[in-house]
Structure formats: structure tokens, C-alpha cells
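The following report walks through selected local features of one structure, moving from a single residue to pockets, charged pairs and backbone geometry. Please read it alongside the sequence and coordinates.

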Amino acid sequence: MRTRPLKVALLGCGVVGSEVARIMTTHADDLTQRIGAPVELAGVAVRRPSKVREGIDPALVTTDATALLKRGDIDIAIEVIGGIEPARTLITTAFEHGISVVSANKALLAQDGAALHAAAEQHGRDLYYEAAVAGAIPLVRPMRESLAGDKINRVMGIVNGTTNFILDKMDSTGAGYQEALDEATALGYAEADPTADVEGYDAAAKAAILAGIAFHTRVRLDDVYREGMTEVSAADFASAKRMGCTIKLLAILERAADGESVTARVHPAMIPLTHPLASVREAYNAVFVEAEAAGRLMFYGPGAGGAPTASAVLGDLVAVARNKLAEATGPGESAYTQLPVSPMGEVVTRYHISLDVADKPGVLAQVATTFAEHGVSIDTVRQQGKDGEASLVVVTHRAPDAALSGTVEALRKLDTVRGVASIMRVEGE
């Protein structure tokens, strides 16, 4: 066993970074045995050096992350700063100085993953990022390595714990969106500004990363169709329950039937209570992977938090450290298929549409004709009326999303339709 330690630079020391430092210290002997050499925390780059960080030697703390990477003795950098800059510059600086990188930065990888992979390859270094998607759940490495000999056709999952907590509370307690969000904020699941979570930006970044791995093609954040969940209401959950469904914010990645393109999307959807994802509660994440040979696999666990995310970071640290000792590198970017990402309009899906309509003869026929004119087949219809007003709930068969969107726009123009109360896709069947 090598006695000279591998030196680690920790870039960022917030909730996740402090847990990484703690685990490196408390599990030092175990890590040494698993890696085949000691790992030593050689420096911690932070913005506020005066803050007390329990368990971290103040002599290791610096505000100059660039100087830490350039000092010549660092083997591995762990980036848990988040955001685009200065993280991007620091990661490329690390590669340029012969340092492999472990990152938890989903936003940066979704936007500039191709460039970062290219820089890692150019300098013969590793870029690992298990913690960027689904927290503690082993997902990136199984998809990159365990399923490398298989063909993944579909990935569907809950990849944001905050949104799942909110939707779960709305479902189980009947709470409205704002009430459930307030509870998530009070418990620390939601940030003071929850936009990245509830509008789907966080899930979209993770979807881009997973799609690139699953389909061996480059998928950027801009390629992912995104809808938030702020308009989901208690009435939507009531409708879902009548259908034997619940509502989840899903990331859905699919290979086209002809294999010539892929799609990537994030949006709220109704899923049957019989689907495994329907039972995912609280702030947990779960990802359902459908592969040609392996069949259906589900990965489940805590998707966020300091300790769970640090667990994924440390798993990558062990892998990168082993590669360093073996003078080898792990898998890099695999984008050989170069498949185009189709727009949302070409995705084939189902709709659940609630309409406020006039309660008079011929309304249903008029609505049905509108669906038929746009090539959309109706699966079920439920109508109830009172005092000249009525609600009409239509569930469609599968059709191109553009046709379904065109149908909704045409329905809005009918004089018998007072308004479109809600529209939601139906998935998981």
C-alpha cells in the first residue's frame, strides 16, 4: 500500500462541502484501505474565511481557489461551489494542472458538459459527477458503466426532492400549492427562492445530464422541454384520484421508436397509482430506467441533503483516487451517436383536459368534433353540470403533442367553452 497521501482540494465548504470534509476525516482509515493510499484534505477554498467550520483546520482555509489548484501538489479537486462561474474556470484550471475533478455541479455540466469532458480528455484526467444527479442514489455510474453494454430506451424519474415533497403533501393532505410550499420551506426542503425547483430548472439540468449518458449523445439544458408545477391545483389532484392516478414532476427521456432521435422533457404528469414512481413519498427521488436487455430498473433513495450528496461525492473520490494510483482514467463522454433532440411537439403523449363549458345540448358533440379535426382520439369523457354551467373532463389517447396543443387552442375559440381549467399530460402506462 502506498503511504504518501493523495492530496485533495475542496472547492466550496457549504452544506455538502462540510459533510465531505467530515466524512474524509472520520472515515480516513476506511478510505485508505479502500483506495490503497491515504487521502489528505490539503486545502479548502471558501468565500468567507472567518466563518467557523467545525472539524476543519483553519490553516487549510483560503479564499484563493486558483492558487490552491496551481500550487503543484494537488491530485484531486472536489468542486461543490455550484453555479457556472467561477466553477467552470476552476475546473478547467484543475485539468490544466494535472488534477482530476469530482463535481456535484448539475447546472454547469448540463450547460458545458461537452467542453469540460473535452478538457479532461485533453489533459488525461478524470471528471466524475455522481452527485450532480439524484443525490446519494447510484445512478450516473451504473448508467455509464454497468449498462454500458446495453441499450437504454427510456428514463423516467423524480429527480427533485423539493417538488416531490410539495406534490406529495398536496396529494396526501389536500393542501394547496402555497400551503405545501410553505411547509417545505419551513422544513428546509425549499430554498427562500424556490424558482429553480418548482419551475423545473433543477430537474431539467439533471435530465440533460442523464439523457446524454443514456443515449450517448450531447443533450444541453436548452434541449430539454420544461414546465413548472406552480399551476398544479387541488382540483387536479381530485381529478387524478378519480382516474386512479397521482401527480409527479417527472423528467422523461426517450429514444424514438426508429432510433433516429431522442427527446428530453420535464413537466408535471398524472401517473397511475400502480406505477412504482407513484409511491415515492416526501423528498425522495426515484428513477425508472428501461433498457433493451436488462429490462426495467428502478433506482430509489434520498435525492438531496448534505450527507446523502456527500456520500456520492466520496464514492467518486474513491473511484478517481484508484484511477490515479493505477495511472488510468475512467470513462469519459460518450457522444458517438450524435442523435438530434426532437422538439416537444413531436413527442407522443396523452392529455387530461378539464373544460368549463355551457350546460346545453350539443356541447359534447362540438368538443368531440374539434378533437377529431386535429387527429386526436378521445379515450374517456366525464361531464357534470348545474345551473347552466358544466365541467367536461377529457382524457385522450396518445397523439403528437403538437396535435394536442392545437386541439386545446381550437377548444378555447369555441363559443360553448368558457375556459380551459387545466391541462396535464398522462404518463406511465
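## Surroundings of A134

Leaving aside residues up to four places away in sequence, A134 touches L139, K206, N285, P302 and G303. The model is a predicted one, and the values reported here are to be read with that in mind. A134 itself is placed in the loop between β6 (127-128) and α6 (140-146), and with a relative accessibility of 1% it counts as buried, because buried means under 20% relative accessible area. Although A134 and G428 are 294 residues apart in sequence, their C-alpha atoms are 20 Å apart in space.

## A nonpolar surface patch

On the surface, the residues Y284, M298 and Y300 form a nonpolar patch whose accessible area together is about 290 Å². Of this group, Y300 is placed in strand β12 (residues 295-302), and its relative accessible area of 47% makes Y300 partly exposed.

## Pocket and cavity

The second largest pocket has a volume of about 410 Å³, and 26 residues line it, with H117, Y129, G212, T217 and E333 lying nearest its centre. Three helices, namely α5 (106-122), α6 and α10 (201-215), each supply at least two residues of the lining of this second largest pocket. Which helix gives the most to that lining? The answer is α5, which gives eight residues to the lining of the second largest pocket.

As for enclosed space, the structure holds one cavity of 30 Å³ or more, and the space in the largest cavity comes to about 30 Å³. The residues lining the largest cavity are Y128, Y129, E130, V140, R141, R144 and D316, and the largest share of this lining, three residues, comes from α6. Y129 therefore appears in both descriptions, as one of the residues nearest the centre of the second largest pocket and as part of the lining of the largest cavity.

## Salt bridges

The count of salt bridges comes to 21, where a salt bridge is taken as a side-chain nitrogen of Lys or Arg within 4 Å of a carboxyl oxygen of Asp or Glu. Among them are the three pairs tabulated here, each with its N to O distance.

| Pair | N to O distance |
|---|---|
| D73 and K7 | 3.3 Å |
| R88 and E85 | 3.0 Å |
| R412 and E409 | 3.4 Å |

In the salt bridge between D73 and K7, D73 lies in the loop between α3 (65-70) and β4 (76-79) and K7 lies in strand β1 (residues 6-11), so the pair ties together parts that are 66 residues apart in sequence. D73 is partly exposed at a relative accessible area of 28%, and K7 is partly exposed at 24%.

For the pair of R88 and E85, whose side chains meet in a salt bridge, R88 counts as partly exposed at 27% relative accessibility, while E85 is partly exposed with a relative accessible area of 42%.

The pair of R412 and E409 sits within one element, since both residues lie in helix α14 (residues 401-412), three residues apart, about one turn of the helix. R412 is partly exposed, with a relative accessible area of 43%, and E409 likewise counts as partly exposed at 43% relative accessibility. Elsewhere, salt bridges that share partners join R154, E254, R265 and E427 into one network.

## Backbone geometry

E85, described above as a salt-bridge partner of R88, also takes part in a cis peptide bond, the one from E85 to P86, with omega near 10°. P86 lies in the loop between β4 and α4 (87-96).

Two residues may be considered for their phi values. H216, a residue other than glycine, has a positive phi near 55°; H216 is placed in the loop between α10 and β8 (225-226). E282 is not a glycine either, and its phi is positive at about 55°; E282 lies in the loop between β10 (262-272) and β11 (284-291). Are these residues buried or partly exposed? H216 is buried, with a relative accessible area of 17%, whereas E282 is partly exposed, with a relative accessible area of 31%.

Notes: Residues are numbered from 1 along each chain as its sequence is written. This is a predicted model: local features need pLDDT of at least 70, side-chain atom pairs count only at pLDDT 80 or more; totals for chains, interfaces and linings use all residues. Side-chain values use heavy atoms; hydrogens and water are left out. Helices (H or I, at least four residues) and strands (E, at least two) are DSSP runs, numbered from the N terminus. Buried means under 20% relative accessible area, exposed over 50%, partly exposed in between (1.4 Å probe, protein chains only). Contact means heavy atoms within 4.5 Å. Patches are made of residues with over 30% relative accessible area and no salt bridge: like charges are joined within 9 Å, nonpolar side chains (Val, Leu, Ile, Met, Phe, Trp, Tyr) within 5 Å. Accessible areas come from the Shrake-Rupley method with a 1.4 Å probe; for residues, only the protein chains shown count as cover. On a 1 Å grid over the protein atoms alone, a cavity is a set of points where a 1.4 Å probe fits but cannot get out, and a pocket is an open set with protein on both sides within 12 Å along at least five of seven lines; lining residues have an atom within 4 Å of a point. Grid points are joined across faces, edges and corners, and a volume is the space filled by probe spheres set on the points.
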